[in-house]
Amino acid sequence: MSLARALSATLAFISALGVASAQGDTPSLLIFSKTEGYRHDSIPDGINLVTSIANDKGWSVAASEDSSIFTQGLSNFTTLVFVSTTGNFLSADESAALEDFLLNGGSWLGIHAAADFGNDMPDWFSGLVGGQFLSHPCGTSEACSNAQRERYPPGGNVRPDDLLIQTHDHPSTSNLPSTHNRVDEWYSFKTNVADFPDNYTILTTLAETYIDEITLFPEREHMEPHPISWFSVYKGRARAFYTGQGHTVETYYEPYFIDHITGALEWVTGEAD
């Protein structure tokens with residue numbers, strides 16, 4: 001077993017025992033990574049990154065994939081971090097418990113496939129995330145042409161693009177360059193948070209250079225603009241942050257992404273404005 005997976009399993013065990021507890025106003029994080037659809041290989045790396053940030057800041061942190069923790073009680077936690085959750089991963093009762101947590105002082109951060117939730121999830125969850133995953137280039141290796149696999153190994157779905165900062169004074173972007181090129185799997189979404197400026201603030205957009213003449217269904221990929229990270233205050237009560245970055249293992253070791261998530265965690269926990 002790799003060190004990353006071993007740490008992930010250890011954290012899940014700690015969470016199951018209910019060791020983590022809120023200490024006054026000190027942030028206490030629950031990292032949640034249950035999947036009922038595609039499972040990303042980078043999930044353990046996401047867990048490790050969030051854990052490392054929390055440890056460096058002296059915050060409590062635990063991890064779990066047992067969704068019954070939502071109905072058993074989330075009172076030990078101040079912030080939930082969803083790392084590439086997929087599918088219909090919560091029951092109706094668990095979803096209701098999640099919303100109750102958010103409306104009573106909790107906060108939420110979602111990474112990458114946190115937007116790839118199933119259609120049986122409640123409508124309000126889409127409002128929390130800001131958008132539901134629609135597509136990315138080459139959904140499967142079989143869908144990619146030989147030209148795509150050759151140009152964008154190993155499959156065609158992971159490509160370089162320019163990230164453009166739209167809001168510079170947020171903790172998640174204040175230390176980042178205005179333009180940065182990096183490689184990831186770029187999502188497009190069924191709705192565009194840009195259409196709801198009263199509800200969401202866009203942090204980062206894509207230049208869409210990843211859309212080229214060999215991209216399948218380019219009309220599905222194109223968004224104007226193409227947000228990839230944003231924040232909101234859910235129903236005026238809960239701080240919420242989402243980034244579509246985070247597909248690859250390598251992402252979680254890039255200084256750019258580490259700074260992005262560190263600032264995002266500082267904001268959702270209320271440690272920074």
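Good morning. I begin with helix H4, residues 92-103, which lies across E3, E5, strand E12 (227-234) and strand E13 (238-243). Relative to E3, helix H4 runs at about 130°. Please bear in mind that the structure on the screen is a predicted model.

Let me turn to the sheet. Nine strands form an open sheet, in the order E2-E1-E3-E5-E13-E12-E11-E8-E9, and the pairing is mixed. Strands E2 and E9, the latter at 179-185, stand at the edges; each has a single partner strand, so one side of each is left without a neighbour in the sheet. From one strand to the next, the twist averages 20°.

I should now like to consider strand E1, residues 28-32. Is this strand buried or exposed? Five of its five residues are buried, so strand E1 is largely enclosed by the rest of the structure. The side chains divide between two directions: Ser28, Leu30 and Phe32 point one way from E1, whereas Leu29 and Ile31 point the other way, and all are buried.

Which strands pair with E1? One of them is strand E2, residues 60-64, which pairs with E1 in the parallel sense over five bridges. Within this pairing, Ser28 stands opposite Ser60 in E2. To pass from E1 to E2, the chain travels through helix H2, residues 43-57, and this β-α-β crossover is right-handed. Helix H2 itself lies across E1, E2, E3 and strand E5 (107-111). Its direction is at about 175° to E1.

Strand E3, residues 79-83, also pairs with E1 in the parallel sense, here over four bridges. Two positions illustrate the register between E1 and E3: Leu29 stands opposite Thr79, and Phe32 stands opposite Phe82. Both Leu29 and Phe32 belong to the buried set in E1, and they point in opposite directions from that strand.

Finally, I come to an annotation. Where does the record place a WW domain? UniProt, in an unreviewed entry, gives the feature "domain: WW" at residues 230-255. In the model, this span is 4% helix and 42% strand. The end C-alpha atoms of residues 230-255 lie 19 Å apart.

To summarise, strand E1 is buried along five of its five residues, pairing in the parallel sense with E2 and with E3. Thank you; I welcome your comments.

Notes
Residues numbered from 1 in each chain as written. Predicted model: local features only at pLDDT ≥ 70, side-chain atom pairs only at ≥ 80, totals over all residues. Heavy atoms only, no water. Buried < 20%, exposed > 50% of the residue type's maximum accessible area, 1.4 Å probe, protein only. Pairing = 2+ DSSP bridges. Right-handed = clockwise from strand over helix to strand, strands pointing away. UniProt positions renumbered as here; feature names shortened; annotations may be inferred. Axes fitted to C-alpha atoms, helices over the stretch in contact; angles between N-to-C directions. Contact = heavy atoms within 4.5 Å.
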